[in-house]
Amino acid sequence: MSRPKYSRLVIPRRAREDWISGLISLYEPLGLAEEGRDLVACFRNPDGARQAQRALEARRVRSELTTDIPEEDPLEAFRAASRPFPVGRRFWVDPGDPSDSEPPAGRIALRVPASRAFGTGGHESTRLVLLALEEEPVEGLSVLDIGTGSGILALAAAALRARSVWACDVDAEAVFLARENLGRHPFGSRVGLTAAGVEAFAGRFDLVLANLLPQEFLPIRARVRSLVAPGGRLVLSGIPGEGEAEVLQRVRPRGWRLAGRRAEKAWVSLCLERG
Ligand SMILES: C[S@@+](CC[C@H](N)C(=O)[O-])C[C@H]1O[C@@H](n2cnc3c(N)ncnc32)[C@H](O)[C@@H]1O
């Protein structure tokens with residue numbers, strides 16, 4: 001994915017001159033800043049930056065313009081410093097720059113370079129679902145991952161030999177990044193990915209995963225439950241500890257059994273089984 005670019009206009013030694021800031025503001029800068037005695041304006045649109053420079057020239061104010069500067073990726077340094085880490089007994093999560101380093105024997109590498117998509121295994125809510133996946137049977141099941149983010153849970157389910165894995169996210173950028181992550185794994189091609197919410201799915205799944213905050217999950221809970229096959233399970237994560245009782249009361253209708261509960265720090269994950 002190409003990084004967005006911006007333009008930078010530096011007006012030396014005019015930081016304190018409000019009329020210059022006012023003039024530049026007419027050309028829709030992203031923002032203005034003082035750097036020592038210099039005034040600096042950044043623009044998304046290079047034409048705006050050029051027009052601002054011409055307007056300054058017309059008033060005999062000197063400036064220096066640089067266009068097409070790639071915007072820094074704030075996670076670049078994090079990725080470079082990241083090291084893979086174990087989750088549970090089965091997984092080896094690598095949030096660093098893509099590599100083909102071997103995981104320790106017996107562990108499955110999940111390569112999800114840190115990005116704007118949630119799900120690098122660093123968060124408790126993700127880890128709790130990974131633990132549920134390795135502790136409860138997945139092999140041979142049909143799995144749906146709602147709110148896949150980086151794709152990490154769908155990848156884990158595919159690695160554990162689920163019969164079929166579907167994943168969705170309402171954030172198109174997350175789906176783009178998840179698709180890249182699927183491509184880093186030999187089992188990634190077994191995941192069907194779509195940029196959509198739960199309404200895109202029909203039928204029944206043996207196992208539904210939803211690492212969503214309560215305010216995201218509660219409005220779609222009836223629809224999500226309808227996608228769980230009789231005897232199937234719903235693993236819900238992203239529940240802040242203090243909201244657990246209320247969430248459980250609202251998501252578990254008659255005929256559903258609380259089949260598992262996991263907690264780490266302030267986060268809780270619940271496994272509900274449909275009777
Ligand atoms: C907390 S992240 C979880 C990411 C990943 N599954 C994990 O466990 O690390 C939640 C994701 O759900 C997506 N999301 C929120 N509401 C959704 C909805 N109604 N349907 C599908 N995806 C949704 C968000 O865009 C976000 O990527």
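In which loop is R13 found? In this predicted model, R13 sits in the loop between β1 (5-11) and α1 (18-25). Its backbone deserves a short look: R13 has a positive phi of about 55° although it is not a glycine. As background, most residues other than glycine have a negative phi. R13 is also exposed, because 11 other C-beta atoms lie within 10 Å and the limit for an exposed residue is 12 or fewer.

K265 is another non-glycine residue with a positive phi, here about 45°. The place of K265 is in the loop between β13 and β14, and these strands form a hairpin with two residues between them. K265 counts as exposed because it has 9 C-beta neighbours inside 10 Å.

The hairpin itself is easy to follow from its pairing. β13 and strand β14 (residues 267-274) pair in the antiparallel sense, and eight bridges join them. At one of these positions, E264 has W267 in β14 as its bridge partner. Along the hairpin, L258 stands opposite L272 in β14.

From the hairpin, the view widens to the sheet. Seven strands make up an open sheet with mixed pairing, in the order β10-β9-β8-β11-β12-β14-β13. The edges are taken by β10 (191-194) and β13 (256-264); each has a single partner strand, so one side of each is left without a neighbour in the sheet. From one strand to the next, the twist averages 15°. In general, strands of a sheet pair through backbone hydrogen bonds, either parallel or antiparallel.

Helix α6 (residues 172-182) is packed against part of this sheet, lying across β9 (164-168) and β10. Relative to β10, α6 runs at about 165°. Past the edge strand, the loop between β10 and β11 (205-211) holds E199. E199 counts as exposed because 9 C-beta neighbours lie inside 10 Å. A useful sense of scale comes from pairing E199 with L9: the two are 190 residues apart in sequence, and their C-alpha atoms are 47 Å apart in space.

Attention now turns to the interior. The largest nonpolar core has 60 residues, and the members that touch the most others are V143, A156, A157 and V208. Helix α5 (residues 152-159) gives the most to this core, with eight residues. Which residues does A156 touch, leaving aside those up to four places away in sequence? The contacts of A156 are F91, L110, L130 and L133. A second core is separate from this one; it has 12 residues, with Y27, V40, F43 and A49 among them.

The ligand offers a final viewpoint on the model. It is surrounded by 22 residues, of which the closest are G119, T126, G147, G149 and N211. Two elements, α4 (124-135) and α5, give two or more residues to the shell around the ligand. Helix α5 thus appears in two settings: it gives the most to the largest nonpolar core, and it is also one of the elements that supply the ligand shell. By residue class, the shell around the ligand divides into 11 nonpolar, eight polar and three charged residues.

Key. Residues numbered from 1 in each chain as written. Predicted model: local features only at pLDDT ≥ 70, side-chain atom pairs only at ≥ 80, totals over all residues. Core = buried A, V, L, I, M, F, W, Y, C linked by C-beta atoms within 7 Å. Buried ≥ 20, exposed ≤ 12 C-beta atoms within 10 Å, placed from the backbone. Helix = DSSP H or I, 4+ residues; strand = E, 2+ residues; numbered from the N terminus. Contact = placed C-beta atoms within 7 Å. Pairing = 2+ DSSP bridges. Axes fitted to C-alpha atoms, helices over the stretch in contact; angles between N-to-C directions. Near = placed C-beta within 6 Å. Nonpolar A, V, L, I, M, F, W, Y, C, P; charged D, E, K, R; others polar.
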